[in-house]
Amino acid sequence: GLDLESYDGALTWFAILMGFYFLLRSSEYLRKGGEVDQQKCLRWRNITWAINNSTDDAPPGIDCDEVVVVVFHEFSKNDFLGQGTDNNIKKCSDTRVCIPTWLNTLRRLNPAAFKESRSDEFMLTMTDGTVLPKVVIERLLKEASTRLGLDPRLMSSHSLRAGGCTAMYNAKFGDHEIQRRGRWVSKLLENIC
């Protein structure tokens with residue numbers, strides 16, 4: 001039900017992918033109710049879209065290539081020293097679920113959103129100026145689960161985090177890698193995935 005040709009539709013799909021691949025808590029990228037978590041919610045300054053393994057953003061009009069999209073969490077739950085954490089996702093061949101591909105799409109659809117002067121804006125700000133609400137993601141997940149014959153009552157925005165964790169576990173990632181990606185203090189991954 002998303003219009004992936006529109007900025008808002010593509011941004012919503014990008015949000016779903018970010019929640020899954022980066023094991024994000026909803027407060028780290030979505031608006032809960034009427035408020036955005038001012039400390040935790042990702043801003044554009046927290047994202048790097050690099051080219052050729054650079055640590056700088058690809059210039060306007062140039063797609064990130066084999067790239068790494070780095071998400072820097074300034075206020076990670078398990079960050080006792082205030083250093084933040086970062087994770088990366090490289091470009092993959094399946095463009096439907098490729099974070100760098102969708103970031104490039106967003107950059108083409110709305111170049112103004114990626115100007116350095118807007119780096120303090122929240123990452124998932126829609127064209128109406130509001131941050132994407134958690135209820136939108138949950139509605140989409142519930143609709144998808146209904147189409148698949150699953151119980152929609154079991155779906156929430158946290159399903160992306162738990163699903164991403166489970167996918168990493170099933171792909172034989174080490175517990176320490178999953179724990180770092182999800183910023184978990186607990187070492188009991190079997191209770192999370």
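Let me begin with one cysteine: Cys 98 is buried, with a relative accessible area of 1%. Please bear in mind throughout that this is a predicted model. What is the distance from the sulfur of Cys 98 to the closest cysteine sulfur? That neighbour is in Cys 92, and the separation is 4.1 Å, which is too far for a bond. A disulfide is a covalent bond between the sulfur atoms of two cysteines. The pair would have to lie within 2.5 Å to be counted, and the structure holds zero disulfides. Cys 41 is another buried cysteine, at a relative accessible area of 2%.

Allow me now to turn to the overall architecture. The chain contains five helices and three strands. Followed along the sequence, these elements run α-β-β-β-α-α-α-α. Of the 193 residues in the chain, 43% are buried. The chain exposes about 10400 Å², and carbon and sulfur atoms account for 54% of that area. If we take contacts between residues at least 6 apart in sequence, 59% of them join residues at least 24 apart.

I come next to the interior. The largest nonpolar core comprises 34 residues, and Phe 14, Met 18 and Leu 124 have the most contacts inside it. Which elements each supply at least two residues of this core? They are helix 1, spanning 7-21, strand 1 at 47-49, helix 2 at 99-109 and helix 3 at 134-147. Helix 1 gives the largest share, with eight residues.

Met 18 deserves a closer look. Leaving aside residues up to four places away in sequence, Met 18 touches Leu 23, Leu 24, Ile 47, Val 71, Ile 99 and Met 123. Leu 23, one of these partners, belongs to a second, separate core of five residues, which also includes Met 168, Ile 178 and Trp 184.

Let us stay with Leu 23 for its backbone. This residue lies in the loop between helix 1 and strand 1. Its phi is near 55°, a positive value in a residue other than glycine. Asn 52 also has a positive phi, of about 55°, and is likewise not a glycine. Asn 52 sits in the loop between strand 1 and strand 2, the latter covering 68-73. Are these two residues buried or exposed? Leu 23 is buried, with a relative accessible area of 0%, whereas Asn 52 is exposed, at 56%.

I should like to consider helix packing next. Two packed helices are described by the angle between their axes and the distance between the axes. For helix 1 and helix 3, the angle is about 80° and the axes are 11 Å apart. Angles of 65 to 115 degrees count as roughly perpendicular, and these two helices are therefore roughly perpendicular to each other. Where they meet, Thr 12, Ala 15 and Ile 16 come from helix 1, and Val 136, Ile 137 and Leu 140 come from helix 3.

Finally, I turn to Thr 166, which lies in helix 4, residues 158-170. With a relative accessibility of 28%, Thr 166 counts as partly exposed. Ile 178, a member of the second core, is 12 residues from Thr 166 along the chain, and the C-alpha atoms of the two are separated by 9.2 Å.

Definitions and conventions. Residues are numbered from 1 along each chain as its sequence is written. This is a predicted model: local features need pLDDT of at least 70, side-chain atom pairs count only at pLDDT 80 or more; totals for chains, interfaces and linings use all residues. Side-chain values use heavy atoms; hydrogens and water are left out. A nonpolar core is a set of buried Ala, Val, Leu, Ile, Met, Phe, Trp, Tyr and Cys residues joined through side-chain atoms within 4.5 Å. Buried means under 20% relative accessible area, exposed over 50%, partly exposed in between (1.4 Å probe, protein chains only). Helices (H or I, at least four residues) and strands (E, at least two) are DSSP runs, numbered from the N terminus. Contact means heavy atoms within 4.5 Å. Accessible areas come from the Shrake-Rupley method with a 1.4 Å probe; for residues, only the protein chains shown count as cover. Axes are lines fitted to C-alpha atoms, for helices over the stretch in contact, and angles run from 0 to 180 degrees between N-to-C directions. Angles under 35 degrees count as roughly parallel, over 145 as roughly antiparallel, 65 to 115 as roughly perpendicular and the rest as oblique.
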